[in-house]
Amino acid sequence: MEFLGFDKPEVSPPIAIQQRRSLSFAAWALINDPKNARYALDLVKRMKAGARKAKSKPGHAWDAFMEMSKELGKSAAHFLPPYWEEVGRTFKDLGNFTYAGRALTRSLEAERVHALESDRARRRDVVLEFVLAGCLAGKALSDYAGDLMDQYAPDEAFKIFRDLCVRRTRGGMAPWAAMPKDFIKVAKAADLDGDAELER
């Protein structure tokens, strides 16, 4: 709101608890890079039009989102991860988990392709949000384990991956087929006993 010229609001103490959810695309841009936030704000209206189309014509909506991402990649590539997260939420909220998972994969790819610095806490929360909704297939989760090993110190990669596996299971989801193998691999990279950690 400050970005639009309003006075800074008074913030009350917490009044409720809800499941953690990352900032929306526009909000993330306004907070993290207000100088270039116009690129995000320019897309909001078009993203809403794409969201309306996603309900009846998901393929056409996906094409529109792809076109917007190309434009964003030329003007503000560091906005791509939260952009694709927002696209993923659009499909997730409609129950189209195939396109939602595809969008999250694009978000992760954008970090690699453009060598962007990852916001670790946000990334963890976003992946968990999509995992608990059932949007990510086993292969995507195995790929994510590989990403963690490439991007973080071995012990930190293991902590993040273990947290994901535990919270996913607590959320009522059965382990994916390659989970034991992925888990042991990440644990061994951190110089831990993979079998013992899996059992624990």
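Helices (H or I, at least four residues) and strands (E, at least two) are DSSP runs, numbered from the N terminus, so a name such as α1 simply gives a helix its place in that order. Please keep in mind throughout that this is a predicted model.

**Figure 1. A nonpolar surface patch that includes Phe3.** Five residues come together here: Met1, Phe3, Leu4, Phe6 and Leu41. Together they offer about 530 Å² of accessible area on the surface. Phenylalanine 3 sits in the segment before α1, the helix of residues 25–32. Its relative accessible area is 40%, so phenylalanine 3 counts as partly exposed.

**Figure 2. A patch of positive charge on the surface.** The residues to look for are Lys70, Lys74, Arg102 and Arg106. Two helices contribute to the patch: α3 (58–75) and α5 (97–113) each supply at least two of its residues. Arginine 106 belongs to helix α5. With a relative accessibility of 32%, arginine 106 is partly exposed, because that class lies between the buried limit of 20% and the exposed limit of 50%.

**Figure 3. Helix α4, largely enclosed by the rest of the structure.** Helix α4 covers residues 80–93. How far apart are its end C-alpha atoms? They are separated by 20 Å, which agrees with the 20 Å that 14 residues should span at 1.5 Å a residue. Of those 14 residues, 12 are buried, which is why the helix is described as largely enclosed. Nonpolar side chains and charged ones both appear in the buried set, which includes Leu80, Trp84, Val87 and Phe91 as well as Glu85, Arg89 and Lys92. Also among the buried residues are Pro81, Pro82, Tyr83, Gly88 and Thr90.

**Figure 4. Alanine 100 of helix α5 and valine 87 of helix α4.** Is alanine 100 buried or exposed? At 0% relative accessibility, alanine 100 counts as buried, since the cut-off for that class is under 20%. Alanine 100 and valine 87 lie 13 residues apart in sequence, and their C-alpha atoms are 7.3 Å apart in space. Valine 87 is one of the buried residues of α4.

**Figure 5. A salt bridge between Glu85 and Arg123.** In this pair, the closest N and O atoms are 3.2 Å apart. Glutamate 85 comes from helix α4 and arginine 123 from helix α6 (residues 120–132), so the bridge links distant parts of the chain, 38 residues apart. Glutamate 85 and arginine 123 are buried.

**Figure 6. A salt-bridge network around Lys92 and Asp93.** Aspartate 93 pairs with lysine 92, with 3.6 Å between the closest N and O atoms. Lysine 92 is buried at a relative accessible area of 13%, whereas aspartate 93 is exposed at 54%. Salt bridges that share partners join Glu86, Arg89, Lys92, Asp93 and Glu129 into one network.

**Figure 7. A salt bridge between Arg46 and Glu71.** The structure holds 11 salt bridges, and here the side chains of arginine 46 and glutamate 71 meet at 2.9 Å, N to O. Arginine 46 lies in helix α2 (residues 37–56) and glutamate 71 in helix α3, a link across distant parts of the chain, 25 residues apart. Arginine 46 is partly exposed at 37% relative accessibility. Glutamate 71 is partly exposed too, with a relative accessible area of 37%.

**Figure 8. Aspartate 191, a residue with positive phi.** If you like checking backbone angles, this is a good stop. Aspartate 191 has a phi near 60°, a positive value in a residue other than glycine. Where does aspartate 191 lie? Its place is the loop between α9 (179–189) and α10 (194–199). A relative accessible area of 73% makes aspartate 191 exposed, because the threshold for that class is over 50%.

**Figure 9. Two reference residues, Leu116 and Gln151.** Leucine 116 is found in the loop between α5 and α6, and is partly exposed with a relative accessible area of 21%. Along the chain, 89 residues separate leucine 116 from alanine 27; in space, their C-alpha atoms are separated by 19 Å. Glutamine 151 belongs to helix α7 (residues 138–151), and at 33% relative accessibility is partly exposed. From glutamine 151 to serine 12 is 37 Å, C-alpha to C-alpha, for residues that are 139 apart in sequence.

Notes:
Residues numbered from 1 in each chain as written. Predicted model: local features only at pLDDT ≥ 70, side-chain atom pairs only at ≥ 80, totals over all residues. Heavy atoms only, no water. Patch = residues over 30% accessible without salt bridge, like charges linked within 9 Å, V, L, I, M, F, W, Y side chains within 5 Å. Areas by Shrake-Rupley, 256 points an atom, 1.4 Å probe, with all protein chains shown as cover. Salt bridge = Lys/Arg side-chain N within 4 Å of Asp/Glu carboxyl O. Buried < 20%, exposed > 50% of the residue type's maximum accessible area, 1.4 Å probe, protein only. Lys, Arg positive; Asp, Glu negative; His and termini not counted. Charge placed at Lys NZ, Arg CZ, Asp CG, Glu CD. Expected span 1.5 Å × (residues − 1).
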